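Welcome, and thanks for taking a look at this one with us. Below is a short tour of some charged pairs, a surface patch and two pockets.

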Amino acid sequence: MRNQYREWALKAIGNAVNPHSKDYLRWTGGQPLVDASFFAFALIRSPWLWNHLDTTTKQRVIDALKQSRSTVPGYTNWILFSAMIETLFCKYGWEYDAVRIEYAVREFAEHWYVGDGTFSDGMQYHDDYYNSYVIQPYLATIVSVVNEKNKTYSWFSDRLDKITKRYAEIQEKAINTDGTFSVIGRSITYRTGAFHHLADMAWKKQLPASLPAAQVRSALT
């Protein structure tokens, strides 16, 4: 089954970035920027996918993602979408725009942290799941990838580690004993992503000592 999905994934990517395919996706505009960033995130998380794309498809992926640069992200978590795409270029040795990454990391690190493991989404604080949907998984990945290349964000790594561990605790406590969780804030229809951060921390084996892996697995299940 894994092999089948791998074959389908490679074919889907090939079609999505092939301008001559009926399945070619749109890579410019607001929502396409969001989608492109999650696509880039997937390729960062799964080097297997990237490494098994043929040379032509890799170039088409890069060309498609570069189209997203024409979209100016909103002054919110959206700046992380642009940064994630540049992070993919950084990870796999392509020319990347370090300023887009710097802008995103600096805003969250120096201006938008509100305490107790939580970031504000731009200038306004929102009581919702966006720290999990986007902010913390994106920040942690961007900082980790760039640091592997040049240690640019070594000054932020330890602090971010404490923040992400604390927010994992908050997320785990948000799951009730019957498995339900509070319906709060924007975009609650993305409920399958509400615990993106907690799952990401478990997958990377970076949970705080206060959260046994089995406990988190049970809560998420």
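## Charged pairs, a patch and two pockets

D121 counts as buried, because its relative accessibility is 6% and the cut-off for buried is under 20%. Please keep in mind as you read on that this is a predicted model.

What does the side chain of D121 meet in a salt bridge? The partner is R186, with 2.8 Å from N to O. R186 sits in the loop between α8 (154-173) and α9 (196-203), while D121 sits in the loop between β2 (118-119) and α7 (130-150), so this pair ties together parts that are 65 residues apart in sequence. Unlike its buried partner D121, R186 counts as partly exposed, at 31% relative accessibility.

That pair belongs to a wider set, for the structure holds 12 salt bridges. As a general reminder, side chains of opposite charge can pair when their charged atoms come close. Here are three of the bridges side by side.

| Salt bridge | N to O distance |
|---|---|
| R186 and D121 | 2.8 Å |
| R106 and E102 | 2.7 Å |
| K165 and D161 | 2.8 Å |

The R106 and E102 pair stays within one helix: both residues lie in α6 (residues 98-110), four residues apart, which is about one turn of the helix. R106 is partly exposed, with a relative accessible area of 29%, and E102 is partly exposed too, at 27%.

K165 and D161 follow a similar plan in helix α8, where they are four residues apart, about one turn of the helix. K165 has a relative accessible area of 22% and is partly exposed; D161, at 30%, also counts as partly exposed. Elsewhere, salt bridges that share partners join R69, E86, D97 and R100 into one network.

Now for the surface. M1, Y5 and W8 form a nonpolar patch there, and together they have about 450 Å² of accessible area. Is Y5, a member of this patch, buried or exposed? Y5 counts as exposed, because its relative accessibility is 52% and the cut-off for exposed is over 50%. Y5 is found in helix α1 (residues 2-16).

Next come the pockets. The largest pocket has a volume of about 390 Å³. It is lined by 19 residues, and those closest to its centre are A140, T141, S144, K204 and Q206. The elements that give two or more residues to this lining are α2 (30-45), α7, α8 and α9. Which of them gives the largest share of the lining? That is α7, with seven residues. By type, the lining of the largest pocket divides into seven nonpolar, six polar and six charged residues.

The second largest pocket holds about 260 Å³ of space. Among the residues that line it are Q31, V34 and F38, along with W78, F81, Y130, Y133 and H196. Two elements, α2 and α7, give two or more residues to the lining of this second pocket; α2 and α7 also do so for the largest pocket. How many residues in the lining of the second largest pocket are charged? There are no charged residues in this lining, which divides into eight nonpolar and four polar ones. For the largest pocket, by contrast, six of the lining residues are charged.

Terms used:
Residues numbered from 1 in each chain as written. Predicted model: local features only at pLDDT ≥ 70, side-chain atom pairs only at ≥ 80, totals over all residues. Heavy atoms only, no water. Patch = residues over 30% accessible without salt bridge, like charges linked within 9 Å, V, L, I, M, F, W, Y side chains within 5 Å. Areas by Shrake-Rupley, 256 points an atom, 1.4 Å probe, with all protein chains shown as cover. Salt bridge = Lys/Arg side-chain N within 4 Å of Asp/Glu carboxyl O. Buried < 20%, exposed > 50% of the residue type's maximum accessible area, 1.4 Å probe, protein only. 1 Å grid on protein atoms, 1.4 Å probe; cavity = no way out; pocket = protein on both sides within 12 Å on 5 of 7 lines; lining within 4 Å. Points joined across faces, edges and corners; volume = space filled by probe spheres on them. Nonpolar A, V, L, I, M, F, W, Y, C, P; charged D, E, K, R; others polar.
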